[in-house]
Amino acid sequence: MTLSTAAYELAQANIARLKFPLDSPELKYFVDALDPVNAVADAAEGFVWRLQSDSGNATGIPVLGDEWLVINMSVWRDTNALTAFMYQGQHRELLARRREWFERVEEAMATLWWVPAGHRPTVAEAEARLLHLRANGPTAYAFTLRTSFPAGASAPVLGEVPEGLGCGV
């Protein structure tokens, strides 16, 4: 875990709607990749924390009252650290293959927000931020990598997301 002296850290949550049950043969590659990808995240520069149950991942943690949804939530030093992890290595491969395992959904399924350093967000916080993003678009309260806000800022910062890998919002 990386210690930060900054006043804020970046929380991220993304959810996905499964096409198949987690224990199905169709999801075996994805499920088998969770532990190795989480280990890379845990060791990544700028990583602070991630949501997990006793299983070591968050696939069994309920989100938005829908048993077909899975959540990934973590805290990072900043958007640069998160982006560096997301778009390289095995995580990039899984991101590129997500349509094999998850339904395509038109509404926002990922959100970012700033938290005070040391705060660990709850699933309820993530749900509220995501629903706010869906209703209002990117704001300082809930935003995306494509349209992000620095901690304490009121003006968006447009970011580069590799084509086909980011959230469409």
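## A tour of the chain, starting from the surface

Show the surface first: the chain exposes about 8900 Å², and carbon and sulfur atoms supply 54% of that area. This is a predicted model. Now look beneath the surface. Of the 169 residues in the chain, 42% are buried.

**Switch to cartoon.** Five helices and six strands appear. Trace them from the N terminus; the elements run β-α-β-β-α-α-α-β-α-β-β.

**Select the four-strand sheet.** Pick E1, E2, E3 and E4. Together these strands form an open sheet in the order E2-E3-E1-E4, and the pairing is antiparallel. Colour residues 47-50 and 110-116 next. These are strands E2 and E4, the edges of the sheet, and each pairs on one side only. Look along the sheet for its twist: neighbouring strands are turned by 25 degrees against each other on average, direction ignored.

**Zoom in on E1 and E3.** Select residues 8-17 for strand E1 and residues 69-76 for strand E3. Eight bridges join this antiparallel pair. Which residue of E3 is the bridge partner of Asn14? Show both side chains: the partner is Asn72.

**Add helix H5.** Select residues 123-136. Helix H5 lies across E1, E3 and E4. Against E4, the helix runs at about 125 degrees.

**Zoom out to the whole chain.** Consider contacts between residues at least 6 apart in sequence. Of these, 72% join residues at least 24 apart. The E1 and E3 pair is a good place to end: residues 8-17 sit alongside residues 69-76 through their eight bridges.

Terms used: Residues numbered from 1 in each chain as written. Predicted model: local features only at pLDDT ≥ 70, side-chain atom pairs only at ≥ 80, totals over all residues. Heavy atoms only, no water. Pairing = 2+ DSSP bridges. Helix = DSSP H or I, 4+ residues; strand = E, 2+ residues; numbered from the N terminus. Axes fitted to C-alpha atoms, helices over the stretch in contact; angles between N-to-C directions. Contact = heavy atoms within 4.5 Å. Buried < 20%, exposed > 50% of the residue type's maximum accessible area, 1.4 Å probe, protein only. Areas by Shrake-Rupley, 256 points an atom, 1.4 Å probe, with all protein chains shown as cover.
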